Amino acid sequence: FVVCAVIFFIAIASVHLTVFGTDESFVSILTVLKQNQELKVKILEATPSDAIILTERSDKLFYPEREVVTVFRSPKFDQPRFEELYPFNLYYETIADKEVVAAENQKFWGPHGLRAENPVELGYRHTLYKLTRVAR
């Protein structure tokens, strides 16, 4: 009897975790999918059709409707030649706080001749910035 009760308890706990318990449970995934669709609509409304979006996490939301660059910081990979991207409508999508983006403007974007400006709050911690060219 005790073995059956333990197995029953484990089964109930497993079902609860699978359906409700974590960020990757069925209910959470449905919520995230809905949020992602909302983010996609907002991005498509906020950017022109020829926009190139630099993002570290959300590339699958925007492609193929918008061109996306994901590996643009890592020294392990070739960084894009930002100068070749200047003629395009460049945007930067992030979940970073405004203070972090301000620091990135000095340490990362500035040396590439760019500045993240005009934030558009997309919801769910996501923000879209227009990357504009600045004199170096």
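The following paragraphs lead through the structure from its overall build to its nonpolar cores and then to a few individual residues.

This is a predicted model, and the secondary structure of its single set of coordinates for the chain comes to five helices and five strands. Read from the N terminus, these elements follow the order α-α-β-α-β-α-β-α-β-β, so the chain begins with two helices and ends with two strands. The radius of gyration is 21 Å, well over the 14 Å that the globule rule gives for 136 residues, and the chain is therefore more spread out than a compact globule. Along its principal axes, the C-alpha trace spans about 75 × 30 × 25 Å.

Several totals for the chain help to complete this overview. Of the 136 residues, 30% count as buried, while the accessible surface comes to about 9200 Å², with 61% of it belonging to carbon and sulfur atoms. Among the contacts with a separation of 6 or more, 48% are made by residues that lie 24 or more positions apart. As for charge, the chain carries 16 positive and 18 negative charges, and the mean positions of the two sets are 3 Å apart.

The interior can be approached through its nonpolar side chains. In soluble globular proteins, nonpolar side chains tend to be buried together. In this chain the largest nonpolar core has 16 residues, and those with the most contacts inside it are Leu54, Phe72, Phe82, Tyr92, Trp109 and Leu131. The elements that give two or more residues to this core are the strands β1 (51–55), β3 (89–94), β4 (114–123) and β5 (126–133), together with the helices α4 (82–85) and α5 (98–109). The largest share, three residues, comes from α5.

Phe72 offers a useful point from which to look around this core. Leaving aside its neighbours within four places in sequence, Phe72 is in contact with Leu54, Thr55 and Glu56, with Gln79, Pro80 and Phe82, and also with Tyr92, Phe108 and Trp109. Of these partners, Leu54, Phe82, Tyr92 and Trp109 are themselves listed among the core residues with the most contacts. A second, separate core has nine residues, including Leu39, Ala51, Phe62 and Leu122.

Turning from the cores to the loops, the reader meets several residues with noteworthy backbone features or positions. A cis peptide bond, with omega at about 15°, joins Tyr63 and Pro64, and Pro64 is found in the loop between α3 (59–62) and β2 (67–69). Another proline, Pro87, sits in the loop between α4 and β3 and is exposed, with a relative accessible area of 70%. Although Pro87 and Arg133 are 46 residues apart along the chain, their C-alpha atoms are separated by 9.3 Å.

The loop between β4 and β5 holds Tyr124 and also Arg125. Tyr124 has a positive phi of about 55° although it is not a glycine, and Arg125, likewise not a glycine, has a positive phi of about 75°. With respect to the surface, Tyr124 has a relative accessible area of 36% and is therefore partly exposed, since exposed means over 50%, whereas Arg125, at 61% relative accessibility, counts as exposed.

Key
Residues numbered from 1 in each chain as written. Predicted model: local features only at pLDDT ≥ 70, side-chain atom pairs only at ≥ 80, totals over all residues. Heavy atoms only, no water. Helix = DSSP H or I, 4+ residues; strand = E, 2+ residues; numbered from the N terminus. Rg over C-alpha atoms; globule rule 2.2 N^0.38 Å. Buried < 20%, exposed > 50% of the residue type's maximum accessible area, 1.4 Å probe, protein only. Contact = heavy atoms within 4.5 Å. Areas by Shrake-Rupley, 256 points an atom, 1.4 Å probe, with all protein chains shown as cover. Lys, Arg positive; Asp, Glu negative; His and termini not counted. Charge placed at Lys NZ, Arg CZ, Asp CG, Glu CD. Core = buried A, V, L, I, M, F, W, Y, C linked by side-chain atoms within 4.5 Å.
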